[in-house]
Amino acid sequence: MKLQTRIIIGFLMVILVPLLLFMATLIGFGYFQANQGNGVRSADTAYDLSIAESDGSTARVQLMTKDVLFMILVILVFTSVTVGSWLYRSVAVPLVKLKNATNNIKEGNLEFTMDVEGNDEFAELCRDFEEMRIRLKESTEEKIVLDKDHKELISNISHDLKTPITAVKGYVEGIMDGVADTPEKMERYIRTIYNKTTEMDHLINELTFYSKIDTNRIPYTFSKICVSEYFNDCVEELELELEVKGIELVYANHVGGDVMIIADGEQLMRVVNNIVSNAVKYMNKEHGIIQIRIKDVGDFIQVEIEDNGKGIAAKDLANIFDRFYRTDVSRNSSKGGSGIGLSIVKKIMEDHGGKVWASSKEGIGTIMYFVLRKYQEVPADE
């Protein structure tokens, strides 16, 4: 029952009950007087009434009037107290619940539940308050997770920047002290410095891109891309980098030359680079091999990037695309990386309407898969 309806009913009860009682008293009093006057209508018999009888009748009327007025007062007080208590409970009970809930939130406790009954305005307010508490709790939990992620990211980046910076500093000091006293040694020092600075640049780029992911501000520029031409260029660029690291690249394209996709070429290249970098990072074979295969699978193209590295344990495979997840718990500094490379891959693929997954066998290697929908011309209606 709505609060407005309760107030109206209470008001009517306080007014109408005494009024009806007063009307009933008047009717009863008139009926009593009528009964007293029956059989004594003539002028002769009227003079026979004694003074005692007249006084007794008046006394009885006065006594009855006092009793009736007392009963009216009692009923009026009882009605007012009953209606007042009814209205008070309707207001006070939810207010007490709201007060307790407010105190809990003020003290930082969101682990409570408001039990709400009824459908009046206060019940609706309590339900809205409970919904607010749930959303506030979810927001607080998300903030805790986000803060933890940020701290872990800063820790990862700090840890992984320290190693190349220390190396660069050491090689620069070696050059300054004249340790690199031959052209061959100088070239080796400079190449090492270049590789370490490239590694730092990659880490900083990942950090910058991560901040854009967090705020959903990834600058996508989608366009129509020929699959064969695009991946031929990708492989040509990767081949030079992997050759320097002593890793063989095997490429197979099973997609027709006319197959097109809608994608952001720069971000798609980031996907390929992150997967390949991850494969290189955990390569433990003397003769490393990375294979890239492009397949036509109906309405989609499927890209497979396979390595013969150390593989991923089955217990870790489901989590490798989570932020900051590392299969190398010890965080071997020689591996580097911020722990967000594959999570970036997953995000980019989801934004392209595709998906990514992996299969792996420890000691044998890992295969990363991702699929993208083909571009298909929609025939114009004739």
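This passage describes the fold, the cysteines, the aromatic pairs and the surroundings of one threonine in a predicted model.

The chain is built from 9 helices and 7 strands. Of its 382 residues, 32% are buried. The accessible surface amounts to about 23900 Å², and carbon and sulfur atoms account for 58% of that area. Contacts that reach far along the sequence are well represented: when residues at least 6 apart are considered, 72% of the contacts join residues at least 24 apart.

The cysteines can be taken next. A disulfide is a covalent bond between the sulfur atoms of two cysteines, and the structure contains 0 of them. Cysteine 226 has a relative accessibility of 13%, so this residue counts as buried. Cysteine 234 is likewise buried, with a relative accessible area of 4%.

Turning to the aromatic side chains, a pair of rings is described by the distance of the centres and the angle of the planes. The count comes to 4 aromatic pairs. One of them joins tyrosine 230 and phenylalanine 231, whose ring centres are 5.3 Å apart; because their planes stand at 90°, the pair is edge-to-face. Tyrosine 230 and phenylalanine 231 are both buried. Another pair brings together tryptophan 357 and tyrosine 369, with centres 5.2 Å apart and planes at 10°, so this pair is stacked. Tryptophan 357 sits in strand β6 (residues 355-361) and tyrosine 369 in strand β7, so the pair ties together parts that are 12 residues apart in sequence.

The two partners of the stacked pair can also be described by their exposure. Tryptophan 357 has a relative accessible area of 31% and is therefore partly exposed, whereas tyrosine 369, at 14%, is buried. Tryptophan 357 has a further neighbour in lysine 355, which lies over the face of the ring at 5.3 Å from its centre.

Strand β7, which spans residues 365-373, also holds threonine 366. With a relative accessibility of 5%, threonine 366 falls under the 20% cut-off and so counts as buried. Its side chain makes a polar contact with the side chain of serine 360, at 2.8 Å. Leaving aside residues up to four places away in sequence, threonine 366 touches Ser359 and Ser360, together with Ile305, Glu306, Asp307, Gly311 and Ile312. Serine 360 thus appears twice in this account, as a residue touched by threonine 366 and as its partner in the polar contact between side chains.

Methods
Residues are numbered from 1 along each chain as its sequence is written. This is a predicted model: local features need pLDDT of at least 70, side-chain atom pairs count only at pLDDT 80 or more; totals for chains, interfaces and linings use all residues. Side-chain values use heavy atoms; hydrogens and water are left out. A disulfide is a pair of cysteine sulfur atoms within 2.5 Å. Buried means under 20% relative accessible area, exposed over 50%, partly exposed in between (1.4 Å probe, protein chains only). Helices (H or I, at least four residues) and strands (E, at least two) are DSSP runs, numbered from the N terminus. Contact means heavy atoms within 4.5 Å. Accessible areas come from the Shrake-Rupley method with a 1.4 Å probe; for residues, only the protein chains shown count as cover. A polar contact is a pair of N or O atoms within 3.5 Å; within protein, one must be able to donate a hydrogen and the other to accept it, and residues adjacent in sequence count only if both atoms are side-chain atoms. Rings of Phe, Tyr and Trp (its six-membered ring) pair if their centres lie within 6.5 Å; planes under 30 degrees apart count as stacked, over 60 as edge-to-face and the rest as tilted. A charge sits over a ring if NZ of Lys or CZ of Arg is within 6 Å of the ring centre and within 35 degrees of the ring normal.
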